Amino acid sequence: MITQPAPTIAWTFPRHPRTPGRARVQLLRQAFEWRIPDESTEIAMLVLNELVTNACHHARGPRDRLIGVRLLLPALNLLRAEVSDASPDLPVRRHPTLNDESGRGLELVAALATSWGAHPRGEGYIGKTVWFELTLPSPANPPVVDGAFAADATSTRAALLDGEVPDWPAD
């Protein structure tokens, strides 16, 4: 069976103070197109904002290097976002005290995301990718191209549920 890749979209941004806001706007537009539930979109925007802000403020590397943001729907009930930058330093979760003025961003990411992590970028690339996944309370409904994504999503869902595939909710 030939399967279509998961819906994916990517953008690049400069390391600039306005970049987190621009990334949030792009996510909002894409979430609308993919029909991601509003509450999940708000959470995703907050978590993405933290990761892009970290890439803008903490990533060491040449100032002219761009930040990459990629959104994927590996399954209809799962949103994944990835933020790549030129710094090889993986993020470290801190445990700030009440008096610390910063250091809570990754605590927020860990609290809101279903899962998150970071890894060095692949061979031939510099830097790292920090990602998060968010389980959606109801399936996203991206535009279907020739029914391939719908068939693939159903088979993915069946595999996740050990073959038990309840009916999709009606639109």
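Over the ring of which residue does the charged end of Arg 80 sit? In this predicted model, the partner is Trp 131: the charged end of Arg 80 sits over its ring, 4.4 Å from the ring centre. Pairs between aromatic rings tell another story, with a count of 0.

Turning to the overall architecture, the protein holds 4 helices and 5 strands. From the N terminus onward, these elements are arranged as β-α-α-β-β-α-β-β-α. The protein has 171 residues, of which 38% are buried. A look at the contacts helps to fill in the picture. Where contacting residues are at least 6 apart in sequence, 64% of the contacts join residues at least 24 apart.

The empty space is worth a visit too. Rolling a probe the size of a water molecule over the atoms reveals where such space remains. The largest pocket encloses about 470 Å³. Its lining is made up of 23 residues, and those closest to the pocket centre are Asn 54, His 58, Pro 91, Val 92 and Leu 106. Two or more lining residues come from each of helix 2 (38-57), strand 3 (78-85), helix 3 (105-112) and strand 5 (128-135). Among these elements, helix 2 provides the largest share of the lining, with 5 residues. In terms of chemical class, the lining of this pocket is a mixture of 9 nonpolar, 7 polar and 7 charged residues.

Key
Residues are numbered from 1 along each chain as its sequence is written. This is a predicted model: local features need pLDDT of at least 70, side-chain atom pairs count only at pLDDT 80 or more; totals for chains, interfaces and linings use all residues. Side-chain values use heavy atoms; hydrogens and water are left out. On a 1 Å grid over the protein atoms alone, a cavity is a set of points where a 1.4 Å probe fits but cannot get out, and a pocket is an open set with protein on both sides within 12 Å along at least five of seven lines; lining residues have an atom within 4 Å of a point. Grid points are joined across faces, edges and corners, and a volume is the space filled by probe spheres set on the points. Ala, Val, Leu, Ile, Met, Phe, Trp, Tyr, Cys and Pro count as nonpolar, Asp, Glu, Lys and Arg as charged, and the others, Gly among them, as polar. Rings of Phe, Tyr and Trp (its six-membered ring) pair if their centres lie within 6.5 Å; planes under 30 degrees apart count as stacked, over 60 as edge-to-face and the rest as tilted. A charge sits over a ring if NZ of Lys or CZ of Arg is within 6 Å of the ring centre and within 35 degrees of the ring normal. Buried means under 20% relative accessible area, exposed over 50%, partly exposed in between (1.4 Å probe, protein chains only). Contact means heavy atoms within 4.5 Å.
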